[in-house]
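User: I would like to understand the words people use when they describe a protein model. Could you take me through them?

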Amino acid sequence: MLKFEMKKILYIEPRNGPDLAFIQFKDNDSFPEKINLASTVPTTEQDVCTIGYPAKDEKYRDQTFMDELFDGGIYGVKRVAPGKIIFIPDEKELHHDCCTLGGNSGSAVFDYLNAEAVGLHYDGKHDVANYAISAAIIADRLTRQGLA
């Protein structure tokens, strides 16, 4: 497992904004390559995936099903979960149907055909949708903070 030491917090979105923060890590030769943000607006039915570390979530009633879905109950390991963008309510957010659990917050919502992130997953409601901050908002905040 790769571990990275935090150097400093660069930005935390105010309480009324999206669930977003930027952190600088100390230099590390094994740090992964940068994921580019999408420069175009995503569309509904666009193929995407989340890349993250889903954790076991006891709130689901059918733990047997969840354990089957996650390799016999193996949680907290990197997973790629394919899906689609299912709704775009505005330029700030998108909804997707990739399989996520607690622990996926901060996962890239990745357009794997164009090799770029269209959003950043932050929440989900079982059997409803998953929610992500749009790449446009992330790019805006990076620019505003002089980090782009």
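Analyst: Happy to help; we will set values against definitions, one term at a time. This is a predicted model, where local features need pLDDT of at least 70 and side-chain atom pairs count only at pLDDT 80 or more, while totals for chains, interfaces and linings use all residues. Residues are numbered from 1 along each chain as its sequence is written, and side-chain values use heavy atoms, leaving out hydrogens and water.

User: How do you know that Cys98 is not bonded to Cys49?

Analyst: A disulfide is a pair of cysteine sulfur atoms within 2.5 Å. The closest cysteine sulfur to that of Cys98 belongs to Cys49 and is 6.5 Å away, so it is too far for a bond. Cys99 is in no disulfide either, with the nearest cysteine sulfur, that of Cys98, 8.9 Å away. A search of the whole structure finds zero disulfides.

User: Why is Cys98 called buried, and what is Cys99 called?

Analyst: Buried means under 20% relative accessible area, exposed means over 50%, and partly exposed lies in between (1.4 Å probe, protein chains only). Cys98 has 1% relative accessibility, so it counts as buried. Cys99 has 31%, and therefore it is partly exposed.

User: What makes Ile9 partly exposed, and where does Ile9 lie?

Analyst: Its relative accessible area is 48%, so Ile9 is partly exposed. Ile9 lies in strand β1; a strand is a DSSP run of E with at least two residues, and a helix is a run of H or I with at least four, each numbered from the N terminus.

User: How do you know that β3 and β4 pair?

Analyst: Two strands pair if DSSP finds at least two bridges between them. Strands β3 (residues 47-52) and β4 (residues 79-90) have six bridges, in the antiparallel sense. In one of them, Gly52 has Arg79 of β4 as its partner. β4 is also joined to β5 (residues 93-96) by three bridges, again antiparallel. There, Phe87 stands opposite His95 in β5, and the hairpin formed by β4 and β5 has two residues between the strands.

User: Why are the buried residues of α2 said to be on the same side?

Analyst: In helix α2 (residues 135-144), the buried residues are Ala135, Ile137, Ile138 and Arg141. They cover an arc of only 160° around the axis, which puts them on the same side of α2. The arc is that of the directions from the helix axis to the C-beta atoms. On the face turned away from that buried side are the exposed residues Thr143 and Arg144.
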